[in-house]
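Biologist: Please take a close look at a single part of this model, the third helix from the N terminus, and describe its surroundings in one connected account.

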Amino acid sequence: MSVGRKFVVVIRGLIISYAVTGILLVLLAFLVFKFQLAESITDIAIVAIYVIVTFIGGFITGKKVKEQKFLWGLLLGLLYILIISAVAIAIGQAFHVTSTANLSTAALCIGGGLLGGMLS
């Protein structure tokens with residue numbers, strides 16, 4: 001499989017990841033509304049959703065790529081968090097690259113994609 005085709009597989013994995021993210025965030029919003037969850041629990045749930053969906057995306061990507069799966073899963077996780085960060089900046093949300101929370105979330109997303117690719 002050519003590199004171009006592998007990149008298309010990563011893009012498809014990203015699309016699936018974002019679709020699942022949307023579904024899970026809507027479910028989380030409902031739970032926050034219904035049960036008035038604390039902000040700390042909501043923050044943890046959002047990061048958990050990011051990790052789960054990057055794992056799923058990395059797993060799907062690795063299944064289709066079949067070569068250097070961990071690398072393509074890592075790329076998926078990296079692109080996922082970069083796009084999330086770019087959207088946050090574009091809508092005017094305060095974003096600090098050196099923030100411990102942002103760096104931890106980025107590492108977890110990259111790790112989720114990497115692990116998904118490795119285990120596929």
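Modeller: Contact here means heavy atoms within 4.5 Å. This is a predicted model, in which local features need pLDDT of at least 70 and side-chain atom pairs count only at pLDDT 80 or more, while totals for chains, interfaces and linings use all residues. Residues are numbered from 1 along each chain as its sequence is written, and side-chain values use heavy atoms, with hydrogens and water left out.

Helices are DSSP runs (H or I, at least four residues), numbered from the N terminus. Helix α3 covers residues 69-90, 22 residues in total. From its first C-alpha to its last, α3 reaches 31 Å, close to the 32 Å expected; the expected span is 1.5 Å times one less than the number of residues. After α3 comes Gly92, which has a positive phi near 90°.

Burial is assigned by relative accessible area: buried is under 20%, exposed is over 50%, and partly exposed is in between (1.4 Å probe, protein chains only). In α3 the buried residues are Trp72, Gly73, Leu76, Gly77, Tyr80, Ile81, Ser85 and Ala88. They pack against three helices, α1 (3-35), α2 (39-65) and α4 (100-119).

Two of these buried residues, Gly77 and Ile81, are touched by Cys109, as are Tyr50, Thr54 and Tyr80, when residues up to four places away in sequence are not counted. Tyr80 and Cys109 also have the most contacts inside the largest nonpolar core, a set of 14 residues. Such a core consists of buried Ala, Val, Leu, Ile, Met, Phe, Trp, Tyr and Cys residues joined through side-chain atoms within 4.5 Å. The elements giving two or more residues to this core are α1, α2, α3 and α4. In soluble globular proteins, nonpolar side chains tend to be buried together.

Just as relevant is the loop that precedes the helix. Glu67 forms a salt bridge with Lys6, and their closest N and O atoms are 2.8 Å apart; the term requires a side-chain nitrogen of Lys or Arg within 4 Å of a carboxyl oxygen of Asp or Glu. Because Glu67 lies in the loop between α2 and α3 and Lys6 in helix α1, the pair ties together parts that are 61 residues apart in sequence. The structure holds 1 salt bridge. Its two partners differ in burial: Glu67 has a relative accessible area of 40% and is therefore partly exposed, whereas Lys6, at 7%, counts as buried.
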